Amino acid sequence: MGVELVMNKSGAVFAIVLLVAGVGSCTDAFVQVRELNTAAGYRNFVSQNPDHPRLAEAKELEARVAFLDLSDNAKMYDLKFYLKKYPDSPMQDQVEARLQEMKLELYIAVRYLNGIKRLLKDCKDETVAARTKDAYDYFRMAIVAIYRLHKKPFEEYLRKQAGGEFAGHARKIIAWMESVSVKPQKIIPVFLEGFFDQEARAQITDKFRSLGVQTKFKKGLRKLDSYEGQLVYRITELLPDQQVQLFSEKGELVEFTSPFNGVAAEIFTIVDGKVNPFWIWGTANLLGISSLDIPAISWDTRNAILAETKASSLLGEITDFSKLILVSTLDGFELYDPIFPDTLRLAYSYVRKVGARGTRHNVRDKVVVHGKLVALYGHGVELVDCHSLRQVKINSTAADFARVGQVTFGTFIGERFFFTTESGLLHEVDMDSKFSKTYGEGDFSFVTGSKQQLIAKTDDGITVYDMKRGLGLDERYSLSAYDFPVEFSPDSPIVESTSFERSMILVNGKGETARLVNGRLDIFSVNKDTMGTILRLDGSGRWLAAIGDAGLALRLYERARGSWRHVGSVPIQSCQDVNLRYPYAYIICGDQIKTVHVGAIARNR
C-alpha cells in the first residue's frame, strides 16, 4: 500500500491511497492504467474488466481524478454533469457545496428570493448555508423596507455589518431614500419667455395649487444662482420661424427655430450655480398658449425612479400575469418577477416560431391576459396557453392575416377571445376551438370586456352583450350618441378602457373619460383636467396611473370622496404603457422597464 500526493489545477493537494497488490495480467493492467492516472484510462479499464477484483478502486480513482480535472472556472453544467456521472463519488459533498455556492451567486445577482429560499433548505455545507441565510434575511428585510420607505433597517444592517456582503446595496438604498424624502417646495419659480395671457397663467397656477404649491412668475433668466438646489420651470412661447433659446442636455442655451405655434416647457434644477435640465416638453397644438398642459411637480420626482431594466428588444405593452409582469416584445412576450423592488428578474421568455401562420409581430403589438391565457395581436392574432410554461400551447386559428387583417382591440371573456379589425369586423374565437365567428358589417371600432359582458363601440354608439353558451352573443342594451354626456364626444373613437368596481372607464381619442355603469354613461373627469389616453388602476381601486397623448409623463391620481385627485407626475420621455401595483409603477419606455416608487410621490404631495 502506498500514498501519492496529487495536485489539481488550482494547486490543491489531495492524498490518493494506492492499494497495489497481487500479481497477474489483470494486476499488470491496473498498474498500467494507474501509471497513466487519467479519468479516461480508469473508465476504459472498468468497461474492459467488469470482474476485476480492483474494479471498485478503479471507479473511485476515476471519480477523484475527474474531480481534480474540474477547473476553478467550471460552469454549473460541468458540476451537475459530474454529480450525475459519479453519484457515489467521495468528492460529492465538495462538488455539491461548490455548485450551491455558484447558484447562490446567481440568485443574489438576479435577486431570486424563492431560489435562495429553496437553496437554504438544501444546503449541507455550513459555510454556504450561513451565507445563504444572510442573503435571505437581508433580501426579506429589504423588500419590506423599500416598500415602506424605511431606511432604519438598512442603517441597522450597516451598524452590525459595515463590511458585509450587502453593505454597498444598503448604502445605495439609503441614499435613494434620502433623495425621495425631501420636502416639496412651497413656492415654484416660473420664468416666462414671450406673451402669456391671464388664462395661461391661471392654468399654471391651478396645476400647482392642487399640490399645495404656489407659483411665482418671473420674466427672463436672471440671478439663477439664487435658486441653488431648487426646482425651476421655464415656459417659452413658440411662434413659426421664430428664433428662441432652449437649454441643451448640458445646461447650455442654444438657438432653436420653431416650426410651429405652441409652447416649450423646461424643468431644471440649479446645481453649483449651473442649470441641470431633466425635462423638456413642447407642443404643436394650434391653440398655442391656451392649451398649455405640463406636469406639475414640486420636487425632483425623477428620484422616484428606483430601477431601469433593459429588455432584449423593443417592448410593446405591459400587464399582470398572476404574480408576474408580462410585457410584449418584437417576437412574443417576456415574464418578469417584481418581488425585489430594485431588480426585475426575467422569469420566462416566449418567442413565437418563425413563420407561424398568419402572424407578423412588431413593437406595436398589444397583449391581453386572462388567467394563464395570453393573446398577442397586431398583425393578426396569436393565442398562447401558458398553464405549463415548459410546454405552451398555441392556437393560431384566428391568425390568418389574409382574412383577419390588422387587429385593433381585443379582450377575453372567460376563455373566449374577442377582437376588432381595421375593416370594422368583430371576431370571436375560443382557445381550444378550430373555428371562429364574425359579427357586424364593418362598423365595430372598439371592444372590451367586463366579467360576462362584452362592450363594443360602433358607429351608432355603444352596445353591451351577454355571452351565449359556446360561441355567440345576445344584445343586452345599447346607447346611442344621444345618450352620451356632452363632455364625451360620440364621434371620437374609444382608445382605452379599464374596469373599475362594477363599472367600465372608457377613454376616447380626445382624452375625455366616461364611466359606463348600469346602462348609463357618466362623465368621469378630474377637475376638468385630462387624465390621459392610457389609464391603469391598481388592485385596490384607490390609485390610478395615466399617460397622456405625448407619452412624456406619468400622472398619479388618488380616489377620495368619489372623485380622482391629481397627486403628482413623473416626467419620463417616451412612456408607452404602465402597470400599476401601488406603491410601484412599471413603465415601458422603448426597450426599458422603469420601476417608479409612486408611493414616494404620494407621500410628498
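Axes are lines fitted to C-alpha atoms, for helices over the stretch in contact, and angles run from 0 to 180 degrees between N-to-C directions. Helices (H or I, at least four residues) and strands (E, at least two) are DSSP runs, numbered from the N terminus. This is a predicted model, where local features need pLDDT of at least 70, side-chain atom pairs count only at pLDDT 80 or more, and totals for chains, interfaces and linings use all residues. Residues are numbered from 1 along each chain as its sequence is written, and side-chain values use heavy atoms, without hydrogens and water.

**Exercise 1. Describe how helix H8 meets helix H9.**

Step 1: Locate the pair. H9 covers residues 167-179, and its axis comes within 9 Å of that of H8. The two cross at roughly 145°.
Step 2: Give the hand. The crossing of H8 and H9 is left-handed (the near helix is turned anticlockwise from the far one by less than a right angle; clockwise would be right-handed).
Step 3: List the contact (heavy atoms within 4.5 Å). H8 gives Phe154, Glu155, Tyr157 and Leu158. H9 gives Ala167, Ala170, Arg171, Ile173, Ile174 and Met177.
Step 4: Sort these residues. Eight are nonpolar, none polar and two charged. Here Ala, Val, Leu, Ile, Met, Phe, Trp, Tyr, Cys and Pro count as nonpolar, Asp, Glu, Lys and Arg as charged, and the others, Gly among them, as polar.

**Exercise 2. Do the same for helices H7 and H8.**

Step 1: H7 spans residues 126-148 and H8 spans 152-160. Their axes come within 9 Å and cross at roughly 150°.
Step 2: From H7, Tyr138, Met141, Ala142, Ala145 and Ile146 take part. They meet Pro153, Phe154 and Tyr157 of H8.
Step 3: This contact has eight nonpolar residues, no polar and no charged.

**Exercise 3. Lay out the sheet that begins with E19.**

Step 1: Write the order. Four strands form an open sheet, E19-E20-E21-E22, with antiparallel pairing (strands pair if DSSP finds at least two bridges between them).
Step 2: Find the edges. E19 (407-413) and E22 (436-439) each have a single partner strand, so one side of each lacks a neighbour in the sheet.
Step 3: Add the turn. Neighbouring strands are turned by 20° against each other on average, direction ignored.
Step 4: Inspect one pair. Six bridges join E19 to E20 (residues 416-421). Among the partners, Phe412 is bridged to Phe417 in E20.
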